[in-house]
Amino acid sequence: MPAEKPFWRRKTLKQLTTAEWESLCDGCGKCCLYRLEDEDEGTLEATNVACRLLDCKSGACSNYAKRKEIVPDCIKLTPAVVAKMDWLPATCGYRRVHLGKDLPWWHYLKSGDRDLVHKLGVSVRGKAISELKSGPLEHHIVDWVDHPGPPKPKKQAKKSAKPR
């Protein structure tokens, strides 16, 4: 009998429990970075400047529970919001589930390693600067935010012992 598909492959975002919803976040911190909009071109440029609540060393929000109170502009992700936010990174679990895609191989729900997103350089850890220290956003435009992440390593063939 085939194994049941994981919840993110058989449920829509609206069908997720609170725990399932929260677990889709890989902790990359990319949604906490500022973007610059060119209204004439209709484009967005990603920066490495993070919301003041993001701990740039850990890549985590320093006050997740009260983030909306402290930073009123913070966008709380919901299924309806995710559907409208085409700027979420291509690796974002919420975006991927919304689009009917699987999670990246390095996502901790697949790999079992919560730190893999950081070890592989997919997160903002060590790359972001706080808005409190950054200066003009125009000086911080980066191209790594939408990088798809590393390919899955290929399994190495097992060496077999040759009889002598």
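1. Let's start with Tyr108. This residue is buried, because its relative accessible area is 13%, and buried means under 20%. Bear in mind that the whole model is predicted. Tyr108 sits in helix H6, which covers residues 108-111.

2. What does Tyr108 touch? Setting aside neighbours within four places in sequence, its contacts are Ser23, Cys25, Asp26, Asp113 and Arg114. With Arg114 there is also a polar contact, side chain to side chain, at 2.9 Å. If you'd like a longer-range landmark, try Lys152: 44 residues separate Tyr108 and Lys152 in sequence, and their C-alpha atoms are 14 Å apart in space.

3. Now have a look at the sheet. It is open and has 3 strands in the order E1-E2-E5, with mixed pairing. The edges are strand E1 (33-38) and strand E5 (129-130), each of which pairs on one side only. As a reminder, strands of a sheet pair through backbone hydrogen bonds, either parallel or antiparallel.

4. Both senses turn up here. E1 runs antiparallel to strand E2 (residues 43-50), and 5 bridges link the two. One bridge to find on screen is that of Glu37, whose partner in E2 is Leu44. E2 and E5, on the other hand, pair in the parallel sense over 2 bridges. There, Ala50 stands opposite Ser130 in E5.

5. The turn from E1 to E2 deserves a quick look too. This hairpin has 4 residues between the strands, and Gly42 takes a positive phi near 75°.

6. Thr47 is a good residue to centre on next. It lies in strand E2 and counts as buried because its relative accessible area is 0%. Its side chain has two backbone partners to check: a polar atom of the Thr47 side chain lies 2.7 Å from the backbone oxygen of Tyr34, and the side chain of Thr47 also reaches the backbone nitrogen of Val49 at 3.2 Å.

7. Which residues surround Thr47? Not counting residues up to four places away in sequence, Thr47 touches Leu33, Tyr34 and Leu36, together with Leu137, His140, Ile141, Val142 and Val145. Leu33, Tyr34 and Leu36 fall in the range of E1 (33-38).

8. Ser123 is worth a stop as well. You'll find it in the loop between helix H7 (116-119) and E5. Is Ser123 buried or exposed? Buried, because its relative accessibility is 1%. Its side chain makes a polar contact with the side chain of His118 at 2.7 Å. Leaving out neighbours within four places in sequence, Ser123 is in contact with Gly27, Cys28, Val117, His118 and Trp144.

9. Finally, the largest pocket. Its volume is about 1,100 Å³, and 43 residues line it. To find the middle, look for Cys31, Cys32, Arg67, Cys74 and Ile75, which lie nearest the pocket's centre. By class, the lining has 25 nonpolar, 12 charged and 6 polar residues.

10. Which elements build that lining? Helix H2 (18-23), E1, strand E4 (60-61) and helix H5 (93-98) each supply at least two residues. E1 gives the most, with 3 residues. So E1 is worth viewing twice, as an edge strand of the sheet and as a contributor to the lining of the largest pocket.

Definitions and conventions. Residues numbered from 1 in each chain as written. Predicted model: local features only at pLDDT ≥ 70, side-chain atom pairs only at ≥ 80, totals over all residues. Heavy atoms only, no water. Pairing = 2+ DSSP bridges. 1 Å grid on protein atoms, 1.4 Å probe; cavity = no way out; pocket = protein on both sides within 12 Å on 5 of 7 lines; lining within 4 Å. Points joined across faces, edges and corners; volume = space filled by probe spheres on them. Nonpolar A, V, L, I, M, F, W, Y, C, P; charged D, E, K, R; others polar. Buried < 20%, exposed > 50% of the residue type's maximum accessible area, 1.4 Å probe, protein only. Polar contact = N/O pair within 3.5 Å; in protein donor to acceptor, adjacent residues only side chain to side chain. Contact = heavy atoms within 4.5 Å.
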